[in-house]
Amino acid sequence: MPVPIPRQRAIPAAESGQAPAVPQDVPSKEAPRKEVTVDHNAAPQLSLLVIEDDPGGSTVVPELLDSAGKPIRVRTARNLTEAERLLTDDVHCILLDLALPAPGPSADDELAVLRHVLELAPRHAVLALTASGDAERGAEAVRVGAQDYLFRDELDGRLLSRAIRYAVERKRSDTAERRLAEGRVRAQENRRLERGLLPTPLLEGSSLRFAARYRPGRSRALLGGDFYDVVRTPDGTVHAMIGDVCGHGPDEAALGVELRIAWRALTLAGLCGDELLGTLQEVLEHERADDEIFATLCTVDIAPDGRRAGLCLAGHPSPLVARPGRPARLLPYDNNGPALGLLPGARWPRMQVELGAEWSLMLYTDGLIEGRVGEGGERLGQDGMVAMIRRQLSEGLRGEALLRAAVNEVRSLNGGELADDVAVLLLDREA
């Protein structure tokens, strides 16, 4: 039971006889009304929630002041149920009596009530109130998560005021440090995901030139579900793939990594076309967190002579091909199969396309074509994208410069960052 600290009541001058009383509805000529200026940039008033089992609720100390000399507001709760009701966002600190009975079968845990409060109020500073001389229990309370501890019979207004300010600042510092550490972990995870989604192509021995560009959408710092890969198999065939897992976030990015790695392994093992996509669909069905998650995919296998290719589309936009002396155009997409994960037992026909002696082949995700154009709701679309690439090619742009210009122009047309991720890869063959 905490030792009561007597409440000191301020006596108005009118009651003490030191000044005449002035009726509230009669203006005083001797005391003209003063204009009050409110500083909206001033720090908010500190607020303390006292949780203790003294029926008198007399732990409230009226002299509590913050660092600016402003009074600290105090609320008192006699049990955890009442504390939960009073624990609003404007409470900065909690003074908890460790002698308070803990809920449930926790009699053997001396700090059960503290653990409950820390779970109930993870964003609030907590001061533990314990018996005099019980420093071991107080230190254990700090180890468990309290910002500091105080001895019950040594408590006074000045000490408690200073402890509240210290606890609030320490909690803010701990929170900032934790967020910084979490940010570092997320950055490391992002880098690992990026290496998995956007790998180094395996093109040793090929005369094809490779370029790629990726830009995350504005709603995330984390990579989304876009992924790509390019490998050359021992027979000289160059296989390229680009895909997009529906949704955004770490789960979708991780699934994209799994599909990308599975595609590379299956391709190097000799699978191609419908057999490859059917196996990838099995991988997706086993690995996805929700039955509604699907992925679109575009695969291209370029013959060793570089003049023709096989194309499979699983709900994905068709690649763009550009040849000297001819306008850039989309490859055929009449036999586009369903996205992976939508239809069990689906098939994906492989189309044979002629490329010629010299060409550029661009694979992309739908983030490149779904951006807005100007103030209206119209989207760029595939036709707008083809017209843009034709113009940029006529301006002499190639390789990395072409992809950079394309992504930047799409972003500019959208009036800012795109809502979806954009991944684009380009393969060039010169005669």
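User: Contact means heavy atoms within 4.5 Å, right, so which strands does helix α7 lie across?

Analyst: Helix α7, residues 273-287, lies across β9 and β10 (308-314), and runs at about 150 degrees to β9. Those angles run from 0 to 180 degrees between N-to-C directions, with axes as lines fitted to C-alpha atoms, for helices over the stretch in contact. Helices (H or I, at least four residues) and strands (E, at least two) are DSSP runs, numbered from the N terminus.

User: Anything I should know about the model before we go on?

Analyst: This is a predicted model, where local features need pLDDT of at least 70 and side-chain atom pairs count only at pLDDT 80 or more, while totals for chains, interfaces and linings use all residues. Residues are numbered from 1 along each chain as its sequence is written, and side-chain values use heavy atoms, with hydrogens and water left out.

User: Cool. What does helix α6 lie across?

Analyst: Helix α6 covers residues 250-268 and lies across β7, β8 and β9. Against β7, helix α6 runs at about 15 degrees.

User: And in what order do the strands of the open sheet go?

Analyst: Five strands make up the open sheet, ordered β7-β8-β9-β10-β13, with antiparallel pairing. Two strands pair if DSSP finds at least two bridges between them. β7 (226-232) and β13 (351-354) are the edge strands, each pairing on one side only. On average, neighbouring strands in this sheet are turned by 20 degrees against each other, direction ignored.

User: How many bridges join β8 to β9?

Analyst: Eight bridges join β8 (residues 238-245) to β9 (residues 295-302), and the two run antiparallel. Asp 301 in β9, for instance, is the bridge partner of His 239.

User: Switching topic: how many salt bridges are there?

Analyst: The count comes to 18 salt bridges, taking a salt bridge as a side-chain nitrogen of Lys or Arg within 4 Å of a carboxyl oxygen of Asp or Glu. One of them joins Asp 229 and Arg 264, at 2.7 Å from N to O. Asp 229 sits in strand β7 and Arg 264 in helix α6, so this pair ties together parts 35 residues apart in sequence.

User: Is Asp 229 buried or exposed?

Analyst: Buried, at 1% relative accessibility. Buried means under 20% relative accessible area, exposed over 50%, and partly exposed in between (1.4 Å probe, protein chains only). Arg 264, at 16%, counts as buried.

User: Which residue forms a salt bridge with Asp 274?

Analyst: That's Arg 347, with the closest N and O atoms 2.7 Å apart. Arg 347 is in the loop between β12 (329-330) and β13 while Asp 274 is in helix α7, so the pair ties together parts 73 residues apart in sequence. Arg 347 counts as exposed at 60% relative accessibility, and Asp 274 is partly exposed at 22%.

User: You mentioned Asp 301 before. Which side chain does it meet in a salt bridge?

Analyst: Asp 301 meets Arg 350, at 2.5 Å from N to O. Arg 350 lies in the loop between β12 and β13, Asp 301 in strand β9, and they are 49 residues apart. Asp 301 is buried with a relative accessible area of 9%, whereas Arg 350 counts as partly exposed at 42%. There is also a network of salt bridges linking Arg 73, Arg 75 and Asp 90.

User: OK, cysteines. How many disulfides does the structure hold?

Analyst: Zero, where a disulfide is a pair of cysteine sulfur atoms within 2.5 Å.

User: Why no bond for Cys 272?

Analyst: Because its sulfur is 6.5 Å from the closest cysteine sulfur, in Cys 312, which is too far. Cys 272 is partly exposed at 29%. For Cys 298 the closest cysteine sulfur, in Cys 312, is 8.9 Å away, again too far for a bond, and Cys 298 is buried with a relative accessible area of 1%.

User: Last one: how many aromatic pairs?

Analyst: Two aromatic pairs. Rings of Phe, Tyr and Trp (its six-membered ring) pair if their centres lie within 6.5 Å; planes under 30 degrees apart count as stacked, over 60 as edge-to-face and the rest as tilted. Tyr 149 and Phe 151 have ring centres 5.7 Å apart and planes at 70 degrees, so that pair is edge-to-face. Phe 210 and Tyr 228 form a tilted pair, at 6.4 Å centre to centre with 50 degrees between the planes. Phe 210 lies in strand β6 (residues 209-215) and Tyr 228 in strand β7, so the pair ties together parts 18 residues apart in sequence.

Technical notes:
Contact means heavy atoms within 4.5 Å.
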